[in-house]
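Biologist: Could you take a close look at the ligand site for me, and then walk me outward through the rest of the chain? I would love one connected account.

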Amino acid sequence: MGKDKDLNLFKLNEVILPKEECKKRAYFESYEELYRQSLEDKEGFWAKIASELHWFRKWDKVLEWKYPYAKWFVGGKTNLCYNCLDRNLEKGLRNKVALLYVNEREEERKITYGELYEHVGRFAQALRDLGVEKGDRVLIYMPNTPEAVIAMLACARIGAIHSVVFAGFSRDALKTRIEDAKPKVVITATHTIRRGKEIDLLNTARSAVEDYPFVKYLVVWNRKGNVELKENERGFYQLIKEQNRIAPAEVLDSEDPLFILYTSGTTGKPKGILHSVGGYMVGTYITTKWNFNVDTQNDVYWCTADVGWITGHSYIVYGPLLNGMTTILYEGAPNYPDPGIWWRLVQRYRVNIFYTAPTAIRMFMRYGEEYPKKYDLSSLKVLGSVGEPINPEAWEWYYRIIGGERCPIVDTWWQTETGMHILLTWAHTKAKPGYAGRPFFTVEVDVVDKNGNSLPPNHVGLLVIKAPWPSMLRNVWGNPERYEKYWNIVPGYYCPEDLASKDEEGFITILGRTDDVLNVAGHRIGTAEVESAIIEHPSVVESAVIGKPDDIKGQRIKAFVVLKLGVKPSGELKEEIRKTVREVLGPIAVPDEIEFVEKLPKTRSGKIMRRLLRAKELGMEVGDLSTLED
Ligand code: PRX
């Protein structure tokens with residue numbers, strides 16, 4: 001273990017008390033000082049934080065780094081679910097609301113820590129009784145509701161590896177993930193609610209599991225109450241009701257796997273990002289507590305993400321529950337039944353911390369100020385942003401109209417792979433719209449060239465993280481080469497494949513991806529995935545997908561499509577292709593624009609030159625192109 005020096009860092013909790021006025025620039029220097037100190041004793045820093053949580057057995061060593069594989073809190077034994085529930089009951093939070101569920105119909109449910117413990121404990125035991133053992137995978141295809149959280153925590157309790165698949169994904173996307181993770185049990189619901197409609201999940205899940213005999217059971221949350229279950233299906237609440245035992249929290253190794261979450265990369269096959277128990281727990285715990293200035297006892301916290309994404313995992317579920325907070329789960333569209341719904345809920349629940357994506361802000365900007373102005377938003381203290389760069393216009397609007405010029409905007413740059421916030425605009429440091437900010441304590445971030453040389457200020461290069469951090473991915477499920485690639489693009493460093501530049505004060509701005517991954521409304525979508533969905537249409541020979549700038553979504557999807565000989569291009573055909581993508585991949589991946597072309601530009605080796613298409617589409621000079629193709 002590192003030196004146990006009493007870093008001033010730990011005064012940060014006092015420094016950032018939310019009662020303090022938010023915009024105090026006086027703390028600017030202190031961030032630098034605290035950050036510098038954290039670098040002097042990184043292991044000591046993390047040991048101190050880890051010791052705020054419960055360990056059945058303390059670690060022998062904070063970090064073991066055998067490039068590119070890291071182990072954190074080596075030899076430590078713990079359980080993430082225990083830390084989220086049992087530990088909070090011991091602290092007297094039994095009757096505190098843990099989950100505050102509300103949907104677009106404004107139906108609400110409040111679940112206390114005590115109730116959550118009961119449900120999770122019984123559901124965990126039920127999973128055990130279905131034969132789920134430590135290390136088995138459980139796939140969760142659920143709406144953004146407490147049932148999804150119960151399923152996740154139950155897996156964490158017994159050491160099963162959960163893999164949540166966003167309910168907005170359709171059949172093929174679900175099948176790809178099932179095929180890769182090989183879950184013993186799939187948990188789903190009859191439907192999810194969005195835009196006044198019930199969107200089916202059960203039939204999608206049923207057809208997705210059909211071909212996979214390794215899936216022993218489909219557990220169904222029967223929200224309609226009248227669905228007849230098949231032989232290999234079990235009712236979610238039936239299992240809980242019939243269970244009279246609470247599964248004890250399994251004593252897990254710090255490095256035991258916790259979950260797999262699939263994310264898009266360059267190839268059509270998504271990567272199963274693997275996180276482990278101890279490091280992920282410590283990282284999400286402290287970044288939730290500090291980065292949003294949370295008064296964990298009193299604040300009401302709302303992260304508008306979905307549990308199907310990493311933001312939901314880390315900052316709706318694990319981070320807030322580890323801190324004994326009240327966390328809001330919202331099911332539905334952000335602008336349905338009207339664009340005032342979110343602000344009405346902020347007013348009703350007196351939300352203090354609000355964390356959303358720039359794409360939502362830009363959408364609300366378009367509806368105009370009158371919607372937020374109808375409601376009392378004075379409870380808000382901190383506003384978070386995640387998923388894509390927040391452009392200065394959106395920043396300004398968020399700050400002025402939502403935050404009433406009172407609340408700092410905490411931009412947070414991170415990834416499925418990083419597990420926790422890496423860069424942020426610290427609440428009490430000076431604001432710099434357009435920047436993702438500066439690193440979390442101990443994390444060394446830089447902008448470098450291909451060989452890893454640090455670039456001077458204001459030069460565009462590759463973002464890198466120079467050393468391991470606790471909640472980093474541990475592997476790519478079943479594909480260690482793909483894991484090692486993250487550390488080989490720039491040898492020695494972790495490369496997230498984002499372009500960035502750093503200014504004189506060390507603030508980093510993010511300029512986009514270096515790979516064929518799009519960021520559409522904050523969702524990470526691989527061009528290859530969309531292309532393979534498009535060619536499922538019987539009239540299509542091949543296609544190429546690019547991203548185009550979009551005022552609201554950040555990027556929009558444009559598809560160039562080559563049709564089979566003799567097939568006539570038409571508007572109806574475009575609609576059919578869209579429908580195909582919606583069915584196989586999901587609504588988030590549907591192309592906004594489709595153009596029929598005779599052929600696609602390719603390299604001599606037959607690779608589609610998406611960059612050429614992009615350059616042409618955006619009207620870039622041919623001169624630019626030659627360098628792009630270099
Ligand atoms: O390109 C960056 C962008 O989203 C990518 C990570 O996507 P995902 O793994 O789906 O996680 C999204 C939520 C953490 C990054 O490589 N990104 C994420 N946050 C920001 C961002 N780009 C700019 N600013 C951000 N705050």
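Modeller: Gladly, and let us start with the atoms that touch: a polar backbone atom of Gly387 sits 3.1 Å from a nitrogen atom of the ligand. Please keep in mind that this is a predicted model. Thr412 also offers a backbone N or O atom, 2.7 Å from a nitrogen atom of the ligand. With Thr416 the side chain takes part instead: one of its N or O atoms is 2.6 Å from an oxygen atom of the ligand. On its own the ligand has 540 Å² of accessible area, and the protein covers 94% of that.

Which elements build the shell? Those giving two or more residues are α12 (310-322), β20 (409-413) and β27. Strand β20 makes the largest contribution, with three residues. In total, 17 residues surround the ligand, and the closest are Thr412, Thr416, Asp498, Arg513 and Arg524. By character, the shell divides into six nonpolar, six polar and five charged residues.

Strand β27 leads us on to a salt bridge. Asp516 lies in the loop between β27 (508-513) and β28 (517-520), and its side chain meets that of Arg610 at 2.9 Å, N to O. Arg610 belongs to helix α20 (residues 610-617), so this pair links distant parts of the chain, 94 residues apart. Both Arg610 and Asp516 are buried. There is also a network of salt bridges with shared partners, which joins Lys548, Asp550, Arg556, Lys558, Glu593, Glu595 and Glu617.

Another pair worth your time is Asp180 with Lys269, whose side chains form a salt bridge at 3.0 Å, N to O. Asp180 is in helix α8 (residues 171-181), while Lys269 is in the loop between β14 (257-263) and β15 (271-276), so the contact ties together parts that are 89 residues apart in sequence. Are the two partners buried or partly exposed? Asp180 is buried, at 17% relative accessible area, because the cut-off for that class is under 20%. Lys269, at 42%, counts as partly exposed.

For a pair with little sequence between its partners, look at Lys61 and Glu64: their closest N and O atoms are 3.8 Å apart, and they form a salt bridge. Lys61 is partly exposed, with 37% relative accessibility. As a general point, side chains of opposite charge can pair when their charged atoms come close. Across the whole structure, a search finds 54 salt bridges.

What about the cysteines? The structure holds zero disulfides. Take Cys84: the closest cysteine sulfur to its own is that of Cys81, 6.6 Å away, which is too far for a bond. Cys84 is buried, with a relative accessible area of 0%. Cys495 is buried too, at 1% relative accessibility.

Finally, have a look at helix α18 (residues 527-534). Seven of its eight residues are buried, so the helix is largely enclosed by the rest of the structure. The buried ones are Thr527, Ala528, Glu529, Val530, Glu531, Ala533 and Ile534.

How values were computed: Residues are numbered from 1 along each chain as its sequence is written. This is a predicted model: local features need pLDDT of at least 70, side-chain atom pairs count only at pLDDT 80 or more; totals for chains, interfaces and linings use all residues. Side-chain values use heavy atoms; hydrogens and water are left out. A salt bridge is a side-chain nitrogen of Lys or Arg within 4 Å of a carboxyl oxygen of Asp or Glu. Buried means under 20% relative accessible area, exposed over 50%, partly exposed in between (1.4 Å probe, protein chains only). Helices (H or I, at least four residues) and strands (E, at least two) are DSSP runs, numbered from the N terminus. A residue is near a molecule or strand if one of its heavy atoms lies within 4 Å of it. A polar contact is a pair of N or O atoms within 3.5 Å; within protein, one must be able to donate a hydrogen and the other to accept it, and residues adjacent in sequence count only if both atoms are side-chain atoms. Accessible areas come from the Shrake-Rupley method with a 1.4 Å probe; for residues, only the protein chains shown count as cover. Ala, Val, Leu, Ile, Met, Phe, Trp, Tyr, Cys and Pro count as nonpolar, Asp, Glu, Lys and Arg as charged, and the others, Gly among them, as polar. A disulfide is a pair of cysteine sulfur atoms within 2.5 Å.
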